[in-house]
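Thanks for making time this morning. I would like to walk through one structure with you, going from a single side chain out to the whole fold, so please have the display open in front of you.

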Amino acid sequence: MLSWLGFRTLPLARKEPKMNEMLRRICRRNFCTCSPRPWLFVGLGNPGDKYRGTRHNVGFEMLDAFANSQGIHMETVHCKAMFGKGFVNDIPVLLAKPLTYMNLSGESIGPLAAYYKLPLNRVVVFHDDMDLPCGVLRLHPKGGHNRHNGLKSVIYHFRGNGEFPRLRIGIGRPPGQMDPKAFMLQKFNVTARERIDAALLEGAHALEQVLSKGFSESSNCFNTTQKYKHIRLQTLPT
């Protein structure tokens with residue numbers, strides 16, 4: 001078939017698949033090589049309906065809240081994680097929820113960070129924290145695992161390096177002599193659920209600020225507001 005310029009062209013039906021594949025390759029290349037480098041946001045939790053809504057799964061909930069706020073869909077499985085990617089104000093961001101169960105989270109996160117050649121300061125891990133009152137949040141640039149098995153696995157698969165940022169999500173302490181493991185696997189009561197829902201909105205906004213302003217500036221401002229929230233909530237029952 002000749003075009004009006006005299007050049008031979010392919011029928012449209014044959015050209016479209018080639019053009020679509022070319023566009024996909026360009027998009028993948030631009031996402032991985034554009035400046036600045038992508039951020040990887042990871043929520044820790046356990047997959048399956050059995051664990052949905054439990055205290056130990058607030059990392060998953062925070063990731064879902066952020067994804068929903070930015071219209072990013074997580075519909076594929078990549079490196080043993082539910083995975084999605086998108087742009088927030090032209091900043092590339094990768095989202096992942098490991099499907100390995102909490103204690104093996106590093107089996108997913110380690111390969112993901114390596115696949116995208118990310119330095120650890122571009123990997124932010126969201127996790128539950130019993131040392132904070134329910135609904136209080138903190139952004140930290142690095143740290144140890146503090147007996148959190150999910151963090152322990154992540155650090156192990158980062159070759160013992162704990163210098164990656166975290167978003168700590170307070171779930172409070174178990175009452176009385178209750179077993180901490182049983183406490184973490186319980187669902188929130190009404191009061192605690194309200195605090196967590198409010199915290200998810202705060203956290204999603206804070207993460208948007210991290211992408212636009214960087215971790216240090218955003219965490220300093222955010223942690224100051226959360227400090228006053230900590231003081232206000234620490235003596236209130238949940």
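Before I name any neighbours, let me fix one term: when I say that two residues are in contact, I mean that they have heavy atoms within 4.5 Å. Please also keep in mind throughout that what you see is a predicted model.

Let me begin with R138, which is found in strand β6, residues 137-140. Once neighbours within four places in sequence are set aside, R138 is in contact with L132, R166, L167, R168, F222, N223, Q226, K227 and H230. Is this arginine buried or exposed? With a relative accessible area of 14%, R138 is buried, because the cut-off for that word is under 20%.

Which polar partners does the side chain of R138 have? One is the side chain of H230, with which the R138 side chain makes a polar contact at 3.3 Å, and another is the backbone oxygen of Q226, which lies 3.4 Å from a polar atom of that side chain. As for distance along the chain, R138 and S219 are 81 residues apart in sequence, and yet their C-alpha atoms are 7.8 Å apart in space.

Turning to the partner, Q226 lies in helix α7, residues 215-233, and is buried, with a relative accessible area of 3%. Leaving aside its neighbours within four places in sequence, Q226 is in contact with G135, V136, L137, R138 and E202.

From here we can move to the nonpolar interior. The largest nonpolar core has 36 residues, and those with the most contacts inside it are F41, L95, F126 and L167. Helix α6, residues 190-213, provides the largest share of this core, namely 8 residues. L167, which we have already met as a contact of R138, is itself in contact, beyond four places in sequence, with a list of residues including M62, V124, F126, L139, L207 and F222. Apart from this core lies another, of 21 residues, among them A81, A96, M102 and F158.

Next comes a loop residue. T100 has its place in the loop between β4 (91-98) and α3 (106-115), and at 10% relative accessibility it counts as buried. Its side chain reaches the backbone oxygen of L104 at 3.0 Å and the backbone nitrogen of S105 at 3.5 Å. Setting aside neighbours within four places in sequence, T100 is in contact with K80, S105, E107 and S108.

Now to the open space in the model. The largest pocket holds about 640 Å³ of space. Which elements give two or more residues to its lining? They are β5 (123-129), α4 (149-157), β7 (166-170) and α5 (180-184). The lining comprises 28 residues, of which H56, R147, H148, N149 and M184 lie nearest the centre of the pocket. By class, the lining has 8 nonpolar, 11 polar and 9 charged residues.

Finally, let me step back to the chain as a whole. It has 7 helices and 7 strands, and from the N terminus on these elements run α-β-α-β-β-β-α-β-β-α-β-α-α-α. Of the 238 residues in the chain, 47% are buried. Among contacts between residues at least 6 apart in sequence, 71% join residues at least 24 apart.

Definitions and conventions: Residues are numbered from 1 along each chain as its sequence is written. This is a predicted model: local features need pLDDT of at least 70, side-chain atom pairs count only at pLDDT 80 or more; totals for chains, interfaces and linings use all residues. Side-chain values use heavy atoms; hydrogens and water are left out. On a 1 Å grid over the protein atoms alone, a cavity is a set of points where a 1.4 Å probe fits but cannot get out, and a pocket is an open set with protein on both sides within 12 Å along at least five of seven lines; lining residues have an atom within 4 Å of a point. Grid points are joined across faces, edges and corners, and a volume is the space filled by probe spheres set on the points. Helices (H or I, at least four residues) and strands (E, at least two) are DSSP runs, numbered from the N terminus. Ala, Val, Leu, Ile, Met, Phe, Trp, Tyr, Cys and Pro count as nonpolar, Asp, Glu, Lys and Arg as charged, and the others, Gly among them, as polar. A nonpolar core is a set of buried Ala, Val, Leu, Ile, Met, Phe, Trp, Tyr and Cys residues joined through side-chain atoms within 4.5 Å. Buried means under 20% relative accessible area, exposed over 50%, partly exposed in between (1.4 Å probe, protein chains only). A polar contact is a pair of N or O atoms within 3.5 Å; within protein, one must be able to donate a hydrogen and the other to accept it, and residues adjacent in sequence count only if both atoms are side-chain atoms.
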